[in-house]
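Student: I'd like a close look at how the helices sit in this one, and at what happens in the loops that follow them. Can you take me through it slowly?

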Amino acid sequence: MPHGNQKSDRKKRSFTVVVGCGRLGAHIASSLSDEGEGVVIIDMSRESFRKLSTSFDGMIITGDATELHVLEEANLAGASALLAVTERDNTNIMVAQMAREMYGVPHVIARLYDPERECVYQEFGIGTISPVLLSTKEIGHILHPEPSPAEAEDVRTW
Amino acid sequence: MKTILSRARRGGYYPRVLMFIALMIAAPLLTLPFSPGEAKYAPAFLLPAAVLALTGLSVAAAARERPERDARMWQSPLKNGSLPVLFAWCSAIAAGAAPFVLGGRLDPIYALFESVSGWSTTGLTVADVTDMPRIFLFHRAFMQYCGGLGFIIIIAIALHGRQTASMYNAEGHPDGLMPNLRRMSIAIFFIYTGCLTLGTVVYRLFGMPVFEALCHAMSALSTAGFSTRAGSIGEYNSIPIEIVTVVLMLIGGSNFAWLLLLVERKFKRVAKISEVRFMGGMLAVFIPLMTVSLVARHGKGFWDGLHNAIFCVVTTFSTTGYSLDNYAVWPPAAVGLIMLLMVLGAGTGSTAGGIKLLRAYILARVTKANIVRRLSPSHSVRIMRYTRAQGEAPIDDKLIRDTLEFVSVYAAVLFAGTLLIAFFEGSSTTLEAAFFEFNSALGTIGISNGLTARASIGTLIVEMLGMLMGRLEIYILFLGLHTAFDKARRRLLRG
């Protein structure tokens with residue numbers, strides 16, 4: 001069992017770990033790197049890294065982020081934030097939990113496609129981004145530019 | 001002033017490079033307080049530095065602000081970075097040669113040779129160091145130190161730009177080991193400067209004068225091999241100094257990434273790295289072989305043979321090129337071993353040249369796998385993996401293809417260069433001597449059999465190209481030239 005918390009007290013947490021180099025992951029990693037932030041990106045397949053911009057200067061790790069040694073390699077104990085944005089909800093939730101519970105990463109954000117799973121994340125104090133909920137909200141705004149309070153309530157509960 | 005700075009930032013990459021190189025050329029002036037008699041040479045350094053700095057500033061001032069072109073992002077990273085890197089190296093070479101000419105020490109072509117040999121960390125020399133003023137000796141050593149680190153690392157420390165990453169890759173450095181390139185460059189810089197300080201102090205403790213200690217430490221760390229003495233390290237005739245040199249050369253021949261791990265005290269991870277093991281194995285094979293060939297065929301005593309062998313093996317494979325002895329009189333078997341080591345080179349992403357140990361290691365693994373495949377059932381599946389500083393990685397088809405391609409291009413260049421030198425030197429040399437000398441230039445080693453010192457202009461030019469290719473990993477030269485021609489052609493066509 002790694003003792004991430006002790007380690008992190010000595011060393012300043014100073015970079016972001018992005019798990020999953022899909023469109024979202026690659027885009028976030030590239031723009032963070034362009035801003036001069038430290039970035040570590042993890043993906044299972046080497047091919048997916050070509051989506052990164054050529055100016056990406058962070059660290060690239062090929063491997064399964066649900067495996068401990070990969071997270072160790074990424075030095076997760078020193079990370080200031082973790083974004084779990086793979087295409088699979090289950091992977092995201094597991095990586096996010098590991099980051100939160102074992103390494104004490106301060107900011108953990110996961111993407112999930114299935115809104116019903118959101119309650120799981122809330123229990124662990126993990127921030128979530130759900131494309132489904134976001135789209136729902138946006139579509140609601142487009143269809144009803146200035147919804148009455150009652151209608152807005154409708155959209156949210158739907 | 002502020003506007004100039006903001007304009008310099010806006011002018012893109014080129015002005016900044018020029019200004020950095022100006023700083024590097026001006027650096028030897030720092031030795032003047034210690035040897036005031038050489039003040040007359042100050043203009044020889046100030047003038048090129050001033051010209052570079054002014055050019056940089058005026059280019060920056062003339063540059064219009066233009067939006068970042070996103071189309072660039074779609075090009076391959078290597079192609080993208082190769083032109084700026086080539087530009088940096090070419091201007092540095094021209095600027096590094098200028099002081100020798102202006103100071104009246106060398107003719108232009110010889111000055112250029114000395115400059116290429118310096119920046120590319122080779123260490124072949126056409127200069128006579130016995131009556132060279134200190135400021136020039138420092139200039140040579142400092143060029144090597146900066147060339148070993150690489151311009152892009154130095155530039156990456158000072159600024160963060162969108163292009164830095166692709167240039168960093170183009171210059172042939174290790175993959176990202178830290179989440180941020182700038183932090184990694186700073187770490188590398190500190191490790192090297194730390195080693196430099198330590199090396200200088202230890203040399204001094206073993207009786208080397210301070211100035212020579214500094215110059216030798218700079219050259220050894222960058223695996224370059226310019227010495228302040230005509231007889232190189234051998235002139236001190238001191239075992240402790242040899243040991244210090246061997247350690248410094250080994251540090252220089254190690255991948256930056258290993259050094260980072262060592263500094264973080266992750267010794268176990270370092271011991272697991274395939275390339276480190278391969279290096280250990282290679283030392284364990286070549287040192288006894290060299291000892292035997294020296295003892296049996298050169299009439300040396302065992303201890304004499306052993307320390308000569310250790311020094312010679314380390315100096316050759318780390319591509320440094322310091323010498324204890326005149327290698328030209330060594331027995332053929334020993335010379336053959338030296339040639340083999342020259343081709344092998346040291347760690348990938350270190351300051352060394354050659355084909356690099358990692359490639360040799362992968363070739364060995366592929367050869368073994370080929371034999372095993374022929375012996376095993378046709379349906380068997382094998383996955384090859386190797387360990388890098390960053391962790392395990394598969395040896396996949398792409399890696400194998402890149403390795404094979406590089407090795408064959410390297411061999412082709414080696415043969416072409418050898419033949420050219422044999423042609424230029426005519427009957428005054430043998431093919432073996434030409435091969436030795438070009439091998440030494442291409443691998444950026446710098447051990448000479450004496451051919452370079454009396455070489456014709458043609459040979460010098462061939463060797464210069466060889467050194468540049470060796471330091472920048474061959475491809476980048478072609479890619480940079482191609483990009484440059486491409487750009488020029490497009491501009492012409494557009495009218």
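Tutor: Let's get chain A out of the way: along its sequence the elements run α-β-α-β-β-α-β-α-β-α-β-α-α. That comes to seven helices and six strands. Chain A has 158 residues, and 37% of them count as buried. Of its contacts between residues at least 6 apart in sequence, 52% join residues at least 24 apart. Bear in mind throughout that this is a predicted model.

Now for the helices of chain B, which is where your request really leads. A pair of packed helices is described by the angle between the axes and the distance between them. Take helix H2 (residues 13–26) of chain B and helix H3 (residues 42–62) of chain B: their axes come within 8 Å and cross at roughly 165 degrees. Angles over 145 degrees count as roughly antiparallel, so that is what H2(B) and H3(B) are to each other. The crossing itself is left-handed. On the H2(B) side the contact is made by Tyr14(B), Pro15(B), Leu18(B), Met19(B), Ile21(B), Ala22(B), Ile25(B) and Ala26(B). On the H3(B) side, the contributors include Phe45(B), Leu46(B), Pro48(B), Ala49(B), Leu52(B), Ala53(B) and Thr55(B). Sorted by class, this contact has 17 nonpolar residues, two polar ones and no charged ones. If you're wondering about the spacing of such positions, an α-helix has 3.6 residues a turn, so residues three or four places apart point the same way.

Compare that with another pair. Helix H16 (residues 332–344) of chain B packs with H19(B) at an angle of about 30 degrees, with the axes 9 Å apart. Anything under 35 degrees counts as roughly parallel, and H16(B) and H19(B) are therefore roughly parallel to each other. This crossing is left-handed too. H16(B) brings Met339(B), Met342(B) and Val343(B) to the contact, and H19(B) brings Phe436(B), Asn439(B) and Ser440(B). By class that makes four nonpolar residues, two polar and no charged.

H19(B) turns up again when you look at helix H18 (residues 397–425) of chain B. H18(B) has 29 residues and reaches 42 Å from first C-alpha to last, close to the 42 Å expected at 1.5 Å a residue. Its buried residues are Thr403(B), Tyr410(B), Leu414(B), Gly417(B), Thr418(B), Ile421(B) and Glu425(B). They pack against helix H17 (357–375), helix H19 (431–442) and helix H20 (457–472) of chain B. Straight after H18(B) comes Gly426(B), with a positive phi near 65 degrees.

Helix H5 (residues 108–119) of chain B passes the same kind of length check: its twelve residues should span 16 Å at 1.5 Å a residue, and its end C-alpha atoms are 16 Å apart. Nine of those twelve are buried, so H5(B) is largely enclosed by the rest of the structure. The buried ones are Ala111(B), Leu112(B), Phe113(B), Glu114(B), Ser115(B), Val116(B), Ser117(B), Gly118(B) and Trp119(B).

What follows H5(B) fits your question about loops. Just after the helix, Thr121(B) takes a positive phi of about 55 degrees, a sign of phi noted here in a residue other than glycine. Thr121(B) belongs to the loop between H5 and H6 of chain B. Having 34 C-beta neighbours inside 10 Å, it counts as buried.

Past that loop you reach helix H6 (residues 134–149) of chain B, which holds Phe138(B). Phe138(B) has 23 C-beta neighbours inside 10 Å, so it is buried. Leaving aside neighbours within four places in sequence, it is in contact with Pro28(B), Thr31(B) and Cys215(B).

Next to that last partner in sequence is His216(B), in helix H10 (residues 210–221) of chain B. With 28 C-beta neighbours inside 10 Å, His216(B) counts as buried. Its contacts, not counting residues up to four places away, are Tyr203(B), Met208(B) and Ser227(B). His216(B) and Thr245(B) are 29 residues apart in sequence, yet their C-alpha atoms are 8.3 Å apart.

One more loop to finish. Ser232(B) sits between H10 and helix H11 (239–252) of chain B. Its phi is positive, near 55 degrees, and it is not a glycine. With 24 C-beta neighbours inside 10 Å, Ser232(B) counts as buried.

Terms used:
Residues are numbered from 1 along each chain as its sequence is written. Chains are lettered from A and ligands numbered from 1 in the order in which they are written. This is a predicted model: local features need pLDDT of at least 70, side-chain atom pairs count only at pLDDT 80 or more; totals for chains, interfaces and linings use all residues. Axes are lines fitted to C-alpha atoms, for helices over the stretch in contact, and angles run from 0 to 180 degrees between N-to-C directions. Helices (H or I, at least four residues) and strands (E, at least two) are DSSP runs, numbered from the N terminus. Angles under 35 degrees count as roughly parallel, over 145 as roughly antiparallel, 65 to 115 as roughly perpendicular and the rest as oblique. A crossing is left-handed if the near helix is turned anticlockwise from the far one by less than a right angle, and right-handed if clockwise. Two residues are in contact if their C-beta atoms, placed from the backbone, lie within 7 Å. Ala, Val, Leu, Ile, Met, Phe, Trp, Tyr, Cys and Pro count as nonpolar, Asp, Glu, Lys and Arg as charged, and the others, Gly among them, as polar. A residue is buried if 20 or more other C-beta atoms lie within 10 Å of its own, exposed if 12 or fewer, and partly exposed in between; C-beta atoms are placed from the backbone. The expected span of a helix is 1.5 Å times one less than its number of residues.
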